[in-house]
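Work through the exercises below with the model open beside you. Try each task before you read its solution.

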Amino acid sequence: MLHDSNRIFIFDTTLRDGEQVPGSQLTTPEKIIIGEALQSLGVDIIEAGFPISSPGDFQSVIELSKIIREPIICALSRAKKGDIDLAAEALKYAKHPRIHTGIGSSDMHIKYKFNSTREEILERAVEAVKYAKKFVEDVEFYAEDAGRADNVYLAQMIEAVIAAGATVVNIPDTNGYCLPEEYGAKIRFLKENVKNIDQAIISVHCHNDLGLATANSMAGLQNGARQVECTINGIGERAGNTSLEEVVMILKTHRSLNLHNNINTQHLYKLSGMVSRMMRMPVQPNKAIIGKNAFAHSSGIHQDGVLKHRETYEIINPEDVGIDQSEIILTARSGRHALKHHLERLGYSVDRIDLDHAYERFLEMADKKKEIKDDDLLLLMGNGNDTTYKNGVKIQSLKVVCGEETNPQAVVKLNYKGEDIEATASGNGPVSATIKAIESILGNHVEIKEFNIHAIEGGSDDVSKVDMRVIHEDKSYMGYGFSTDIVRASANAYLDALNKFV
């Protein structure tokens, strides 16, 4: 698996290390779905499971081996013949099989976990690699707790397992202990002091106990490692593993590193959501790259900058990770530029709007709510009580009479061109009568192409929202209206549409 010196191999362990989170276990069919998505993402290695740990894990590795054709399928084992035998059996259908075996390398593990000596552990490591090599050509060796291991002894162990046939040597910071400078120096020490290091790929596998997993992984890559072990959303035991999406986007953003990989980053957001749902692990909103707020802006200063030129406050294009666009969140901290942006998005012609007046009303609303949604803006602009359109048409009063033996009749008073004008009309329903009365005042007729009524839940009253699309001179205009009365909401929506071209 030797390669060009700038190629980074992406080793995904979502289905093994990531699945060790309590309450997040996956069924075999679920693992297959995620495995196929990882293949589409472009990962180089999928660690499919730990076959000796359970019959379910054993079966998952078998089924993934049958289906996955491009990435290497890896099975974990301890430095025990029984583990390696079962891993080899689980991998029998894999097109590109790898056994990942290893043992502790720190004095802490050697003494307290294995009750052994450095010499004995070194011998067991070499034996495990040689035994795994009988089944597969591609053998990865992990030196568990390498982050706390003595560098000289670690170098001795790595040199020995490479001589025994290891193609990849994994240097895990198992407990997330190292500082980036320390971990980077450890990788550099191995590069400079293991005489056969050029015969294997150095892999980094970092945990996030101190929030340094991604930083440590990057330090390892910058000092010569060429494989990074990570998980989608950074899930994993305790505080989690290195986040795949963080590492690949760092490499994509910092092109000066001259390190490349085969990940199609536009699949990241969708895959993140898939893993979150299947493993029942919500993604925190402020999670880098794929969190809900990663491309959301609520500060007026930031919003103004992003709307003028995206890169003022975004170093990543949201489309690169599969998100359609940045989100400008309207709050009491938002400025006129953000309000203008959303109104234009909703179809309002800003040159016809009294923006200052609209902004004053917006701030009053924003002070009462944490976040302003589209429905709030539509209510703000189209409630028919106090229009913010210059020279617009607004309803002064509306009375409707209807019954079983009476044709519906509407009496509408509009303020139009500075005058109050009243008209009466009949129709086949109260909404029809109201619209005909409005038309008689304005002296024109527009075709209504869509008419939808929606209930808005959560208020003290049952508020209805009406959205209406009308055609005028071959152009389409959307109108929105809100009211506790459906007829009034319909009239508001009709006038909201008309005000966009009248």
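## Cysteines

The structure, a predicted model, holds zero disulfides.

**Exercise 1.** Explain why Cys206 forms no bond with the closest cysteine sulfur.

*Solution.*
- Step 1: Recall that a disulfide is a covalent bond between the sulfur atoms of two cysteines.
- Step 2: Find the partner to test. The closest cysteine sulfur to that of Cys206 is in Cys178.
- Step 3: Compare the distance with the cut-off. A disulfide needs sulfur atoms within 2.5 Å. Here the separation is 7.6 Å, which is too far for a bond.

**Exercise 2.** Decide whether Cys206 and Cys230 are buried or exposed.

*Solution.*
- Step 1: Take the cut-off. Buried means under 20% relative accessible area.
- Step 2: Apply it to Cys206. Its relative accessibility is 0%, so Cys206 is buried.
- Step 3: Apply it to Cys230. Its relative accessibility is 1%, so Cys230 is buried too.

## The annotated site

**Exercise 3.** UniProt, in an unreviewed entry, lists Asp17, His205, His207 and Asn241 under "binding site". Work out why they can be treated as one spot.

*Solution.*
- Step 1: Look at the sequence. The listed residues span 225 residues.
- Step 2: Look at the fold. No two of their C-alpha atoms are more than 10.5 Å apart, so the residues gather at one spot.
- Step 3: Check the largest pocket. Its lining takes in Asp17, His205 and His207 from this set.

**Exercise 4.** Place Asp17 and His205 in the fold, then trace their contacts.

*Solution.*
- Step 1: Locate Asp17. It sits in the loop between strand S1 (9–12) and helix H1 (28–41).
- Step 2: Locate His205. It belongs to strand S7 (residues 201–206).
- Step 3: Check burial. Asp17 has a relative accessible area of 2% and is buried. His205, at 5%, is buried as well.
- Step 4: List what Asp17 touches beyond four places in sequence: His205, His207, Gly236, Glu237 and Asn241.
- Step 5: Turn to His205. Its contacts include Asp17, Asn170, Tyr183, Glu229 and Asn241. Its side chain also makes a polar contact with the side chain of His207, at 3.2 Å.

## Helix H8

**Exercise 5.** Show how helix H8 (residues 213–222) is covered.

*Solution.*
- Step 1: Count. Eight of the 10 residues in H8 are buried.
- Step 2: Name some of them. Among them are Ala213, Asn216, Met218 and Leu221.
- Step 3: Find the partners. The buried residues of H8 pack against strand S6 (168–173), helix H7 (180–193), S7, strand S8 (227–230) and helix H9 (244–253).
- Step 4: Step past the end. Gly224 follows H8, with a positive phi near 120°.

How values were computed:
Residues are numbered from 1 along each chain as its sequence is written. This is a predicted model: local features need pLDDT of at least 70, side-chain atom pairs count only at pLDDT 80 or more; totals for chains, interfaces and linings use all residues. Side-chain values use heavy atoms; hydrogens and water are left out. UniProt positions are given in the numbering used here, feature names are shortened, and annotations may be inferred rather than shown by experiment. On a 1 Å grid over the protein atoms alone, a cavity is a set of points where a 1.4 Å probe fits but cannot get out, and a pocket is an open set with protein on both sides within 12 Å along at least five of seven lines; lining residues have an atom within 4 Å of a point. Helices (H or I, at least four residues) and strands (E, at least two) are DSSP runs, numbered from the N terminus. Buried means under 20% relative accessible area, exposed over 50%, partly exposed in between (1.4 Å probe, protein chains only). Contact means heavy atoms within 4.5 Å. A polar contact is a pair of N or O atoms within 3.5 Å; within protein, one must be able to donate a hydrogen and the other to accept it, and residues adjacent in sequence count only if both atoms are side-chain atoms.
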